[in-house]
Every structure is written in structure tokens, then in C-alpha cells.
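User: I am new to this structure and would like to learn how to read its features one at a time. Could you guide me through it?

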Amino acid sequence: MSTAATLRRLVPLALLAILTAPFLWFHFDTDLTTGTPLLSWEPSHGWKFLKVVVPGFATGALVAFLARLWDRTPRTPLVARASHEVLETPWMVLVLVATLSVSGLFLSPKGLSMGTFVAIYMLLALGLNVTIGFTGLLVLGYSAFYAIGAYTLALLSQAFPGFPVWLSLPAAFVTASLAGLLVGLPCLRLRGDYLAIVTLGFAEALREILRNLAITRGDKGFPIASTSQFPAIGPLAAKQVAWIAAIATLALVCLAVHRLYHSRTGRAWIAIREDETAAAMMGIPVVRQKLLAFAVSAGVGGLGGAIFAGCWGFVDPSTASFEQSVLVLAMVILGGIGSLPGSLLGAAVLYLVPTLLRDQIPAIADYRLFFFGSILVAMMLLRPQGLLGSPRHRLEMEGGS
Amino acid sequence: MATEILSMESIRAGYGPNDVLHGTSLRVDSGEIVALLGGNGAGKTTTLGILAGTVAPRTGTVRWMGKDISRHSIADRLRQGLVLCPEGRRIFPRLSVEENLVAGTWIRDPKATPRKIREAYDRFPILGQRRGQLGGTLSGGEQQLLAIARALMSEPKLLMLDEPSLGLAPLVVERIFSILVEINACGTPVLLVEQNANQALKIAHRAYVLSTGTLVREGTGQELLASDEIRRAYLGGD
């Protein structure tokens, strides 16, 4: 990309910044008793906002920049493998798990629960990446599988009081996978947008079912008996156990997805994403491979849901909300479609930035989606392949062929 | 003595209410290059689809080595060595050259893949030079080479090609055709669908001419090249 082209891309970005800026200092609200709109000026908001966002984005930009340096592959001829895939080596994962687990001893309870949520979202982003990134199946209702995982744990804890969370995790994986197969069977005959709509409909239908069934306790939500949540073990508090379990599961899923991606199966998935007809002509069993991708993706989503339920102790139908699906989709896109480290980074950034912001400035919660949109627009302009995007998709996004 | 390896007998096939092939029969013998010629919409690609298993026949049988394979899946036929190099090349544009080759080995023993990749690079050195490059960045001729190399990775006992000369410069077309002759010389029979009848007839031992779903002519390449009627109808010129 030439300097002039970069500058041209900055123009809409500047416009975006100018449009966004007033929201940093003004607070829009409505007086609930009279219904009159209120506009207040909060001089401290803007600075608090920048205090969180600037370091957050500086880190993101730094990572993206380093990835670009690290990715020494010449622009032409294009090479299909990025050097930052080193990040995916098993050793790296082991070191990370060890460090993170130990850090659990020192984190505050709030830090622990935030960390656990980051791990859960990382799981979801990894899982969604299997369908969207690897196999090219656009799934818009991913939260359905998350909810199925969470409710699996909840229902098991009700049916068998004291059902241990350690058995609920694999059970959630299995039920979510089966649900994935069930949805996948009829709708894998569809491609692209149509598949997206069907999965979206599935999530919406599931949410309504969860709201209306007696056994799922409707809108009130479902508190989970403490005996079925993550237990305290020895010197470790329950929160620390949940954190370590989340990290360990994440590492396991990371390795499994990495192995799958670089196996025959992964190559079949990529071939299907690239050209389904040609893949079928190579003798690749397209339907079976798509179903497998669907099941793996759904299963990982279910695992995420079960960890959420086991650590939060409460589930409600909003786990299957559309917003949840979009959030995870945005994580995959921000990090880089089809890239494992990208999914992890996207999940961390998109969970941590809004959460930290909300702690600093509670009023900001009103504009969460607005800032969200701004971030995505900025990404599409500056780095459409995502922070740690795979070179394959870079080619697609930059329109070369 | 040449023996018949592939045949289709009175095949009727089509899409929706319309028939494209009206009881068409043809055969390929061992060691042959057979050309299938015809204008647009004559049913050439449908014929290959019937043979490769991407199109189901309404009536009629496909025989491979004497066995009825009309109901076999694409993968089953590939395993038996019936390989189609599809129309428009259909390489994977965002897979590297090497990954494209590997995709062709799906139905074969993965242990043999490294050896076969070496052989492919020996045969097509240009692909070896570009092994890490994405398929979509190759030129049209290189992409066709890649498509042929990928088809060879499936270890064909009969190689079927759908218009390998499509959209290529005349010099490149000649190179592609000489490669087909080489492949044939190594013992693999070739069934070639072409619009470029002149070139195809020069290398073909036998040829069929298809017109709106019916075989109108069959003969050796030389016979058809010499025939005035064929010249006028399919080869252009006077």
C-alpha cells in the first residue's frame, strides 16, 4: 500500500474521529419521570476514555505492527504461510498456560473473573473461526451453541444434584456438537448468506424456547447449585480453579484446532472454502467435512458456555442473544479471519476494552455499540485482514488475485 | 491390441425438463487419446460430468474396465483412476501451488505424497519454482499446468480434460497439448474435450463429434481433419 493510499484511507477515519469525539465529553440521557432529554457536559469523561483506549489501541497497533515486521514474507510473490504462525507452536501454548495459571494466585477476584471471561471469549472466537475462517461457512447464530453448553451444565446440575462440573464440560461439548450436527444436516445444503440466516434463526428460536420452557425456568434465569459450579480445591479458591480450568481448556482447544487446521481435515476445509465444487472433484467428502467443522465449532462454543455457567453460577436466555453472536463474530474479524492468534487477540481486545471502559466511566455503556462500530469501521479501513490476519485473506481483502 | 477401458452406452442426461444427451455412446481404449468435439451446448461437458460422476444419467450405463459404475460416487471413480481436470482449471486461487497439488491426493495414500510432489516438480519445473506462491497469482498457462499436475496427483488411469486450451495464447496451447501427448506416451489414455478442434485432432488417435446431444461423426483424428464437412462445421475456415 503506497503512502498516498494510506493517507486517503485516513480521511474517513478522521471524519469518524470528529463524529465520535463529542460523545466522549457529552452525556446524553433522558429524565425518566418527565421524559425530557438531558444533555450534560462531563469534562472528565473524555480523559478517562482516552486513558483506557489509547493504551489499549497502542498495544493493538504495536502487536499488528510487530506482526507485520515479523511476517517478512515479500509482498510479491505472495507466500501462503505467515511467519507469525510460530505463535501457534505447542511450546508457546505450554509456557502461556503455566504463566497464566501461576498468575491466578496473584490476581484479585475481579481480575480473575475478567481473565476467565477473556478465556471464555477466546474459546468462542476459536470455535467460530473453525466454521467462518477455515471452512468458509458464515454462522451468525453462534451464541446458540454457547447457550446449549451453559444450559447443559444447568440442567445436569438440576437433574443430578451435585453433578460435578468436570463431567459437565465434556457433556456440554457433546450436546453442543450434536446440536451442531442437527442444525448442520439440513442447512449445509445452503451456502453463504442463506446459511447465515438459518443459523441466525436457530439461535433466535432457541432463545425463545429457553424463555418459554418450564424446565429452563424462562426469563428469570437459572441459578446453578454451588455444588455444580467450579469448586475450591485445597488452597485454591473457586474463582482460581475456574480461571485455571478455563486456561487449560483454552490451551487444549488451541492445540486441537491447530492440529486439525494443519491436518488433512484442515486442508479439506480450506479447499471447501476456496472452491466447493473443485473440492468435491478432488474426492473430498464435502458434506461430511462441513458437518465435522460445524460439530467441532459448535462443541467448542458449548465448552465456552459450560465454563461460563460453572464460574458465573447463573444462566439466562440472553446467553443465546444475537448481540452475543455478533460480539464473537466481531472478535474473529478484528483479530483476523482464519488466523488462530488473531482470534485470541481479537477476543482479548474486544472483551477487555469495553469492560475496562465501563469500570472507568459507567455512562460509556450506553455508547458501547457505537464505539464498537467505530472500531470495526476503522479496522476495515486500516487493516481489513484483521490485526493478525492470515495472508490468504489479505489477498482476498486487498482484491488481488 | 487395444482393449476398451471406459465406455458409456445410450446415455440420456440433462438438467431440469431438458435433455442434453439423447442416448449418446462412446468408448475409450487403452493407450488412446480421444477427442470429443462440438460447438457450444453440444453436451461435451455434460458427457464428462456423466463419466466423472458429477452428473447423474437418466438412462444408460457407464462402464469402467467392464464394470458398471453408473451409480458410483465421484470419490469412488477417482479411486479407480477416473480423473477429471475440470473446465476453467478450477485451481484453488488462495492455496499455494504445493497445497493445490496436495489437494489432488485426497483419495490416495498420503505417504506417497512427497514423492509425487517431487515428480510433479520434475515434470513441471516452473511449478517447483513457484511452489510457495498462491495459485491465483500464476499466469493462465501456469494455472492450467497446475490443474493438470493436480489431476496427475490423483494417479489417473484415464485422464479427462475439459477444454484445457480455454483462454490461453496459441504458444501456450501447443505446450499444453505436447504435455498431453507426453502423458499419453507414458501409458495413460486421455479423453479430451475441446473447442479448439484443429489442435485436438492433430494429437488425437480417435475423435467424436457431438452436436446438440447426438454423436454425428466418429473417426480417426486424420480422417476428421481431412473431412470437408467437419472442416466447415467445426474447424472454421474454408
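**Reading the model step by step**

Analyst: Let us begin with a single residue: B:Ser178 lies in helix H7 (residues 170–185) of chain B. Please keep in mind throughout that this is a predicted model.

User: Is B:Ser178 buried or exposed, and why?

Analyst: The judgement rests on counting neighbours: a residue with 12 or fewer other C-beta atoms within 10 Å of its own is taken as exposed. B:Ser178 has 11 C-beta neighbours inside 10 Å and therefore counts as exposed. Sequence distance and spatial distance can also be set side by side here: B:Ser178 and B:Ile203 are 25 residues apart in sequence, and their C-alpha atoms are 8.3 Å apart in space.

User: Which residues of helix H1 of chain B are buried?

Analyst: Here the opposite end of the scale applies, where 20 or more other C-beta atoms lie within 10 Å. In H1(B), the buried residues are B:Lys44, B:Thr46, B:Thr47, B:Leu48, B:Gly49, B:Ile50, B:Leu51 and B:Ala52. Because eight of the nine residues of this helix (residues 44–52) are buried, H1(B) is largely enclosed by the rest of the structure. Just after H1(B) comes B:Gly53, which takes a positive phi of about 100°.

User: How should I read a sheet, and in what order do the six strands of the open sheet in chain B lie?

Analyst: In general, the strands of a sheet pair through backbone hydrogen bonds, either parallel or antiparallel. In chain B, the six strands of the open sheet follow the order E6-E7-E8-E3-E9-E10, with mixed pairing. Strand E6 (82–85) and strand E10 (214–220) of chain B are the edge strands, each pairing on one side only. On average, neighbouring strands of this sheet are turned by 15° against each other, direction ignored.

User: Which residue in E8(B) is the bridge partner of B:Val34?

Analyst: Strand E3 (residues 33–37) and strand E8 (residues 190–194) of chain B run parallel and are joined by five bridges. Within that pair, B:Val34 has B:Leu191 in E8(B) as its bridge partner. The helix discussed above returns at this point: H1(B) packs on the sheet and touches E3, E6, strand E7 (158–162), E8 and strand E9 (206–211) of chain B. The direction of H1(B) makes about 150° with that of E7(B).

User: In what sense do strands E1 and E4 of chain B pair?

Analyst: Strand E1 (residues 4–15) and strand E4 (residues 59–64) of chain B pair in the antiparallel sense over five bridges. B:Ser7 is matched with B:Arg63 in E4(B). E4(B) also runs antiparallel to strand E5 (residues 67–68) of chain B, with two bridges between them, and there B:Arg63 has B:Asp68 in E5(B) as its bridge partner. B:Arg63 can thus be followed from one pairing into the next. E4(B) and E5(B) form a hairpin with two residues between them, and B:Met65 in the turn has a positive phi of about 55°.

User: At what angle do helices H4 and H12 of chain A pack?

Analyst: Helix H4 (residues 109–135) and helix H12 (residues 322–335) of chain A pack at about 75°, with their axes 9 Å apart. Angles from 65 to 115 degrees count as roughly perpendicular, and H4(A) and H12(A) are therefore roughly perpendicular to each other. Among the residues making the contact are A:Tyr121, A:Leu124 and A:Leu128 of H4(A) and A:Val328, A:Leu329 and A:Met331 of H12(A). The contact residues comprise nine nonpolar, three polar and no charged. Chain A as a whole has 15 helices and four strands, and buried residues make up 45% of its 401 residues.

User: How many residues does each chain give to the contact between the chains?

Analyst: Chain B contributes 24 residues and chain A contributes 22 residues. On the side of chain B that touches chain A, helix H2 (74–79) and helix H3 (97–103) of chain B each supply at least two residues. That side of chain B divides into 14 nonpolar, seven polar and three charged residues. For the complex, the predictor gives an ipTM of 0.87 and a pTM of 0.82.

User: Where in chain B is confidence lowest, and where is it highest?

Analyst: Where pLDDT is low, the predicted coordinates should not be read in detail. Chain B averages a pLDDT of 90, and 97% of its residues score at least 70. Its confidence is lowest in helix H10 (residues 228–235), at a mean of 68, and highest in E7(B), at 95. Chain A averages 81, with 85% of the residues scoring at least 70. Over residues 72–84 of chain A the pLDDT is below 50, and this stretch has 32 contacts in the model beyond near neighbours in sequence.

Notes. Residues are numbered from 1 along each chain as its sequence is written. Chains are lettered from A and ligands numbered from 1 in the order in which they are written. This is a predicted model: local features need pLDDT of at least 70, side-chain atom pairs count only at pLDDT 80 or more; totals for chains, interfaces and linings use all residues. pLDDT is the predictor's confidence in each residue, from 0 to 100. Two residues are in contact if their C-beta atoms, placed from the backbone, lie within 7 Å. Ala, Val, Leu, Ile, Met, Phe, Trp, Tyr, Cys and Pro count as nonpolar, Asp, Glu, Lys and Arg as charged, and the others, Gly among them, as polar. Two strands pair if DSSP finds at least two bridges between them. Axes are lines fitted to C-alpha atoms, for helices over the stretch in contact, and angles run from 0 to 180 degrees between N-to-C directions. Angles under 35 degrees count as roughly parallel, over 145 as roughly antiparallel, 65 to 115 as roughly perpendicular and the rest as oblique.
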